[in-house]
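Here is a note for a colleague who is opening this structure for the first time. Please read the points below with the model on screen.

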Amino acid sequence: MYLNAHSYFSLRYGVLSPQQLVAAARNSGIQCLALTDINNTSAALGFVRACQEQGVKPVLGIEFRNEAGRLLYVGLARNNAGWAALCAFLTDHSLNSKALPETAPELEHTYFIYDRIVKPMGMLRPNEFLGIRSSQVHGLYQHALNAWLDRLVVWQPITFLDHEGFRLHKLLRAIDLNTLVTKLKQEDIAHSADLIQPEAELLQMFQLYPKIIENTRNILDSCSIRFETGLQLNRRSFTGSKDGDLKLLAKLAYSGCIRRYGEQHRPAQERMRKELKVIGDLDFGAYFLITWDIVRYAQSAGYYHVGRGSGANSIVAYCLFITDVDPLELDLYFERFINPRRTSPPDFDIDFSWDERDDVTDYIFKRYGREHTALLATYNTFQHHAIVRELGKAFGLPKKDIDLISDNLPALVEWSMRWTGRKDREDAAPARTQPAQEADALYAQLHPWAKYILIFGQQLLDFPNYLSIHAGGVLISEKPLSEYTALQQMPKGFPITHFDMYGAEDWGFHKFDVLSQRGLGHIKDTIDLVRKNQGKAVEIHDVERIKQDPKVRDQLRSGRCIGCFYIESPAMRGLLHKLRCDNYIHLVAASSIIRPGVAQSGMMRAYIQRFHQPNGFDYLHPVFREHLGETFGVMVYQEDVMKILHHFAGLGLDEADVMRRMMTGKKRSSSAFERLKQQYFDNCAQRGYPDELTREVWRQIESFAGYSFCKAHSASFAVESFQSLYLKTYFPLEFMVGVINNFGGFYQTEYYVHEARMSGARVHAPDINRSGYLTHIEGSDIYLGFVHLKGFEQQNALHLVTQRKQYGPFRSLEDFIRRVNIARSQLELLIRIGAFRFTGLSKTELLWERNRVMAPAEKNVLHTPTLFGDESPVFQLPQLDATTTLDAFDEMELLGFPLCSPFELLTPEEKAQGLGLCAADLPQHLGRRVMLVGYYVCRKDTRTIKGQRMHFGTWIDQNGAFFDTVHFPRADGQVPFRGRGLYRIRGLVMQEFGFLSIETTQMERLAFFTGEE
C-alpha cells in the first residue's frame, strides 16, 4: 500500500536513512515498500539490500519534481528495465538541462502516479494512475472519479515517523528554501500525515473501495527488482576479448620489463609471470590496459603524471610506466594491491597537473562513451558549525548570536568533535553530550534557542546535503550506467553518479582515480621555464640518477625544501633534520611516519630514537630484524603489518592483507576477522612462541594497522619530492616561479617570493612593459604577474598584455591610456604598485598625470595607437617626494606583502633595541636564553596530552633564514600571536635529535607593523 517513501536522499526533505526507513516498515508489519526519492537514486542498492535483510519486498522508483519543488509524478519500476528507463529519463533532463515535462513520459516497464488530476482521466495511459489519500476517500462519494476507480490507487507517502520527524522535516525545508521556518508555506512542506500508518488501518479507510486496494496491490505485486553486483559490472575488455587483453598486457609488460630492468633480470621476470597469472585469474586485464591507455594519452599530449597508491605495488604497473615506483627496490607486496581473497575492487591513483586533469578526463569520456562513463559523487553532509549556522538562520537568529553559539560548540557538545562516519554506517561513533546541568547553564548564557539548535543539530549530523564531485574517481561500466543509477550534470560538464565511493564498492565498480595536484604543475612549468629562460632541456624521468645526485641529497639533508611537494612543511623540515635524511629509502619512511597517527602513537619518536641509536634496542624477534630492519623494527607501513602476519605468524599474504583491511574498518567485528585472529594465535602456538611474545606482537599489529600508511603511497610521494628537489637544486629561480604560478603549497606566495630572492633573484613588482598575467622570469629577474595585484581585473591584465604584444611596449602613461580602455580605479592600482616606474615619474606625479590625460571627453575614444603618436601638452609639476616605506605599504596592501625585507620597515627606535641573534647563531647558544626578531611565517596549533593548547611557530630572521619556536601552554598568555608581522622573541634554545628550536617565554609584535593573520 506504500508507493511513495522518502529517505534522507530526498535531499533537504526526507529525515530517515534508507536503513531506518526499512526497519520502521518491518516493525510496522509492512511487507512491501517502494522507495521513491526526489530526483535522486543514491539509495537504490542500499535500500534493496536492507529490504532483503529485513524480509521486506523492495520496489524502486523516483519522485519527479520540477525546479520549483512541485511534485509532478512518481515513477515506479516494474523491473530492472523499468528502473533503467527511469534513470535514463532523469539523466537525460539533467545532462541536457531540460525541464521535466508536466506529465509523465511513455516509458516501458514503468508505472506513473499523480497526486492530482493533471489531464482528463480518459487520457491516462494504462500505466498511469491517480493517488488518493486516506483523507480524500470520503470525498469520492458521488464524485466523478467513481467512474474511474480502475485508475485510482492508495496514496500514503512516507517522509517521517512522528511529529518530531515532521519538525525536523520543516527545518530541512527552511534550510533548502533559505527562509525562516515560520514563513514556510503549505506547498513547501510535506503533509503532516506523511508517515507510516498501520496497513490494517489504511485498508480500513479504503474498505468501501476494494478496487483501489486491488489496483495498488497489483502494482506492488507486479514490481520486482534484483540487482547484479560484482566486478563484472566494469568494462570487461580493452581489445574486445579477455584472451586478447591478456596477450596485449603480457606483450606490453615484458617489453617494459626489458626497458626497466634489462633483458636478463630474472627476479623481475619471475615476479612478472606471477602477477600476470593473478591478473588473468581475477580478470583484471582490462583494468590494467585502460589505465595504461589513460597514461598513454596523457604522455602523447605532453602531460606529466605520477602513478601512486597501492597500484605501485605491482611490477606490471611499473613496467607499463603507470608508476615510477620500483616494487623490487622497496620490497612491495603485490598482494597489497590485488590478491584472490580481496573482495573489494582495487584502484589506481593517477595524478596529473591541476590544469591538465580535465582534458584527460574528457578523453576518458570520449574514448569509453558517455553512457558507460561517469565521475563518482561524494555526499556533502551537514556538519557541526554549518548545522549551527543553517539552523540559526531557520530560527531567525541574528548573525552575532549564531556566531556565539558556533564559537561555544565544543563546550556545548562533545559530538562536535567525536562523531566519525555517516549515521548509516556501522563505524559511526555514538554521540556523547556534556552533563545536562553544565550544558543548560551554558545554553542560558548564549540564546534561548541554543538548546534546540543543538537538539535538532545532533539529528541532522551527517545527513546528506547535496551531491558533489569525488576528488577524482571515474567509473567505466560494461553496460550503460543507467541500469544502476541516474547521472547528474556538474558545472565542469562531466556527469556524476548518484552514489559515492562506498556505494561504488558495494556495487563492485572499481574506480580509476584521475587526480590533480599542484606539485606536478610546479614540475611541468619549471621545465618549460628552463627551456625558455636558459634554452636547456630537462630530463625529469631519470629518477634513479636524480635519487643518487649528491647535490640533490645535500639539499634534502639540509631541509631547504621550500616549494617541494610534500616535504616543505615546517614539521617535515624538522623531521628531515632529525633523521639527517639524504636518501630515497629514508625519505619514503619519513613521508609515512610524519602522518598524525604514527606521530600521536609515539612511534615516530621511537623510529627517530632507533635511527640515532641503531644498537640501543632489541628486536622483538629475529623476524622483525630480518623484515623490518629497514625501519628499525617499527611497523611504519601497511605492508609491514602484512610482513609480520606472514613471516612471523605464517598467514598467507592474501590473508594478511584481508586482516589488515579489516583492522582499519567496520569489519573488525566480523566473524571472518575473528577466524583470522584465531588463526594467528594458533599458528604462533604451533611455532612455539611464548604467549607473552605472541600477545605483544598482536598488540603492535592491532595498534599499528589502524594508522599505518601504504608504502607505495610514500614511495610515490618520495619520487615526486626528489624530482622537485632536483629542479630546486639546479634551477632554483625557474622552480620558484613555477611554484608561484601554480598557487599551491604549504606557504603563502610571499614566502615563495622570499625563497626566490634568497636564491639570487631580483624580484620586481608588476610592470606594464614586462609582466604578464602570471609571473615570469628573464635571466635572474622575476616579474610578478598581474594576477597577484588585488582588485585588478583579469580582463584588464589580458587586454594590456595583448596590446603590448601587438603594438609594442607602452611609451608613457598617456600612451597606455590611449591604447587600453581601463577604469580610473583600475589604473590607480597599476600606478600604486609601480607598474609605470619605467617613466621615471613618482606615483604622485603619475596620479596627477592620470587626471590630466583621462579627460571625460575621451571616454568613448577608440583605444588604439595614434598614427603619429601625438601627445597632450606637458606641464611642469613641483617636486613630489616618495619613500621606500610608502611603497612597501602599498605593496602590502595590493600584493599582500612587501618586496623589500620587512626588517627595513622597523622604526629607528625598534632598531635601536637591537635585532638579537640570527638563526645561524643558535647552535652556539644551546641551552641559553636568547632574543631574536622574527618575521611571522605560520604556526601550527595543537594540544598536549592533557588537552591544553600549544603552538609551533615558524619565522624568518633578519638574514632570511627560517627558525622555529615552541609555545607551551604555560607560556600561552605571555606569548600571544597577533597576526602577521615582526616579533621580538625571547626564549630558551633547545635541541632534539639535532633540530634546533626556541622554547618561547616572551613574545611581542613590534607595534608599527599591522595585518591580519
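1. In this predicted model, the largest cavity is lined by Y304, H305, V306, G307, F321, I322, T323, D324, V325, S716, V719 and Q723. Two elements, β8 (305-308) and α31 (711-730), are the ones that give two or more residues to this lining. Sorted by class, the lining of the largest cavity has six nonpolar residues, five polar residues and one charged residue.

2. The volume of the largest cavity comes to about 70 Å³, and a search of the whole structure finds four cavities of 30 Å³ or more. As background for a reader who has not met such a search before, empty space shows up when a probe the size of a water molecule is rolled over the atoms.

3. Strand β6 (residues 128-132) deserves a separate look, and one may ask how many of its residues are buried. Five of its five residues are, so that the strand is mostly covered. The burial involves both faces of β6, with E128, L130 and I132 on one side and F129 and G131 on the other.

4. The partners of β6 can be followed on the model in turn. Strand β5 (residues 110-114) pairs with β6 in the parallel sense over three bridges, and I113 stands opposite F129 in this pairing. Strand β7 (residues 152-154) also runs parallel to β6 and is joined to it by three bridges, with L130 standing opposite L152.

5. Further along the chain, an open sheet of three strands has the order β15-β17-β16, and its pairing is mixed. Because β15 (762-764) and β16 (776-778) each have a single partner strand, they stand at the edges, and one side of each is left without a neighbour in the sheet. Neighbouring strands of this sheet are turned against each other by 25 degrees on average, with direction ignored. Between β15 and strand β17 (residues 781-783) the pairing is parallel and runs over three bridges, and V763 has I782 in β17 as its bridge partner.

6. A last point concerns the cysteines, since the structure holds zero disulfides. C223 is in no disulfide, and its nearest cysteine sulfur, that of C32, is 7.5 Å away. For C581, the closest cysteine sulfur is that of C561, and the 8.7 Å between the two sulfurs is too far for a bond. Are these two cysteines, C223 and C581, buried or exposed? C223 counts as buried because its relative accessibility is 0%, and C581 likewise counts as buried at 0%.

Conventions. Residues are numbered from 1 along each chain as its sequence is written. This is a predicted model: local features need pLDDT of at least 70, side-chain atom pairs count only at pLDDT 80 or more; totals for chains, interfaces and linings use all residues. Side-chain values use heavy atoms; hydrogens and water are left out. Two strands pair if DSSP finds at least two bridges between them. Helices (H or I, at least four residues) and strands (E, at least two) are DSSP runs, numbered from the N terminus. Axes are lines fitted to C-alpha atoms, for helices over the stretch in contact, and angles run from 0 to 180 degrees between N-to-C directions. A disulfide is a pair of cysteine sulfur atoms within 2.5 Å. Buried means under 20% relative accessible area, exposed over 50%, partly exposed in between (1.4 Å probe, protein chains only). On a 1 Å grid over the protein atoms alone, a cavity is a set of points where a 1.4 Å probe fits but cannot get out, and a pocket is an open set with protein on both sides within 12 Å along at least five of seven lines; lining residues have an atom within 4 Å of a point. Grid points are joined across faces, edges and corners, and a volume is the space filled by probe spheres set on the points. Ala, Val, Leu, Ile, Met, Phe, Trp, Tyr, Cys and Pro count as nonpolar, Asp, Glu, Lys and Arg as charged, and the others, Gly among them, as polar.
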